[in-house]
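Reader: Before I rely on any of the labels in this description, I would like to see how each of them is justified. Could you show me the structure and then take my questions in turn?

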Amino acid sequence: PARRGLAWESLHERHAPTSLKAILELRGLFVKIGQVMSARADFIPRQYVDRFSTLQDAVPPWPMETIEGLVRGSLRDNQGMELEDVFESFGEVLGSASIGQVHRARLTPRCAAAGGYRGGRDVAVKVMHPDAERRFSSDFKVFRSLCRVALPGWDPIMEELQRQMMTEFDYLNEAANLATVRDNVARSPYSRRVRVPEPAPALCSTNLLVMEMLQGRKLAASIEERLTAILGGRKDLARNVLRANQRAL
C-alpha cells in the first residue's frame with residue numbers, strides 16, 4: 001500500500017501541471033470546473049488543488065488592447081460616451097478568472113459625480129472576456145454529450161449547472177444584486193464591520209461592471225494568516241487544518 005501511495009503521489013505531481021496547462025488553453029467552462037476542483041480538497045489530490053487554486057483569480061488576462069476595445073465599444077453603444085470621457089486612467093489587471101477580468105481605473109470628475117454614484121473616483125472595472133457566453137454554451141454541449149454516453153446519470157446535474165451558470169453573463173444583474181446586498185448589509189448589525197462596493201449603474205452594461213474600489217485582502221488568505229499565527233507560525237499545519245475542515249463540511 002505504501003508503494004502504491006508513493007506511485008500515485010508521483011503521478012499526481014507529474015500530471016497536475018499538465019492539467020492546469022490544458023485548462024488555461026481551453027479556458028471557458030474548463031476554468032470554472034478547475035475553480036470548483038480547487039475548493040474540494042476533500043477528494044481532489046492536493047497537487048491538483050494547489051495548482052488549480054491559481055484559477056480563482058490568476059487566469060492569464062486578455063491583452064489590454066482587446067479589453068480596451070470591449071470597454072470602448074460598450075460605453076459607445078450603451079452610454080454614448082468615449083472611454084476618455086469616463087476614465088481618467090484605465091490599466092492594472094487586479095484579477096482574471098473564467099468569465100471576466102478586473103482592472104483598476106479612475107473616473108473623470110464629471111463621471112464620478114453623475115448618476116447618484118458616491119463611491120469615489122477610484123473604481124474596479126469588471127470586463128467580460130471576449131465571446132465568453134458562446135464559449136461556455138459550446139463547452140456545456142460537449143460536456144453533456146460526453147455525459148450522455150459515459151455518465152448518463154450526470155446529465156441532469158450538468159443541465160442544472162448550465163442553467164445556473166448561464167445566468168452569470170449579464171453584469172447588469174450583477175450590479176443590481178451588488179446594490180441589494182450593499183443595502184441589506186447597511187441595515188444589518190454588521191454594517192460597521194463589512195463593506196460592500198457600490199456599483200455605478202449609469203456606467204454598467206451586460207459586459208461591463210463599474211464599482212467602487214475597496215482595498216483589502218482575500219478572506220481565505222486572512223483566515224490562513226490568523227490561524228498560522230495561532231499555531232506558532234506553522235503555515236503548513238494551518239493549511240492542513242483548513243483542508244480537514246473542508247472535508248468535514
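Reader: How do the residues of the lining of the largest cavity divide into nonpolar, polar and charged?

Author: This is a predicted model, and in it the lining of the largest cavity divides into 4 nonpolar, 3 polar and 2 charged residues. The residues in question are R27, G28, W62, S98, H129, P130, A132, R135 and F136. G28 falls among the polar ones because Gly is counted there.

Reader: What makes this space a cavity, and how many cavities of 30 Å³ or more does the structure hold?

Author: A cavity is a set of points where a 1.4 Å probe fits but cannot get out. The structure holds 1 cavity of 30 Å³ or more, and the volume of the largest cavity is about 60 Å³.

Reader: What is the volume of the largest pocket, and which residues are closest to its centre?

Author: The volume of the largest pocket is about 970 Å³; of the 28 residues that line this pocket, D57, L94, G95, V102 and M211 are the closest to its centre. Among the elements that give two or more residues to the lining are helices α2 (29-38) and α9 (171-186), together with strands including β1 (87-96) and β2 (100-107). The lining of the largest pocket divides into 11 nonpolar, 8 polar and 9 charged residues.

Reader: Why is the contact between R46 and E9 called a salt bridge?

Author: The closest N and O atoms of R46 and E9 are 3.1 Å apart, and the cut-off is 4 Å between a side-chain nitrogen of Lys or Arg and a carboxyl oxygen of Asp or Glu, so the pair qualifies. R46 lies in helix α3 and E9 in helix α1 (residues 2-26), 37 residues apart, and the pair therefore links distant parts of the chain. By this rule the count comes to 22 salt bridges.

Reader: Why is the aromatic pair of Y48 and F52 called edge-to-face?

Author: The ring centres of Y48 and F52 are 5.8 Å apart, with 65° between the planes; since centres have to lie within 6.5 Å and planes over 60 degrees apart count as edge-to-face, both conditions are met. Y48 and F52 are separated by about one helical turn, because they are 4 residues apart in helix α3 (residues 46-52). The count of aromatic pairs comes to 4.

Reader: What makes L151, W154 and I157 a nonpolar patch?

Author: Nonpolar side chains are joined within 5 Å, provided that each residue has over 30% relative accessible area. L151, W154 and I157 form such a patch on the surface, with about 330 Å² of accessible area together, and I157 has its place in helix α8 (residues 155-165).

Terms used
Residues are numbered from 1 along each chain as its sequence is written. This is a predicted model: local features need pLDDT of at least 70, side-chain atom pairs count only at pLDDT 80 or more; totals for chains, interfaces and linings use all residues. Side-chain values use heavy atoms; hydrogens and water are left out. On a 1 Å grid over the protein atoms alone, a cavity is a set of points where a 1.4 Å probe fits but cannot get out, and a pocket is an open set with protein on both sides within 12 Å along at least five of seven lines; lining residues have an atom within 4 Å of a point. Grid points are joined across faces, edges and corners, and a volume is the space filled by probe spheres set on the points. Patches are made of residues with over 30% relative accessible area and no salt bridge: like charges are joined within 9 Å, nonpolar side chains (Val, Leu, Ile, Met, Phe, Trp, Tyr) within 5 Å. Accessible areas come from the Shrake-Rupley method with a 1.4 Å probe; for residues, only the protein chains shown count as cover. Rings of Phe, Tyr and Trp (its six-membered ring) pair if their centres lie within 6.5 Å; planes under 30 degrees apart count as stacked, over 60 as edge-to-face and the rest as tilted.
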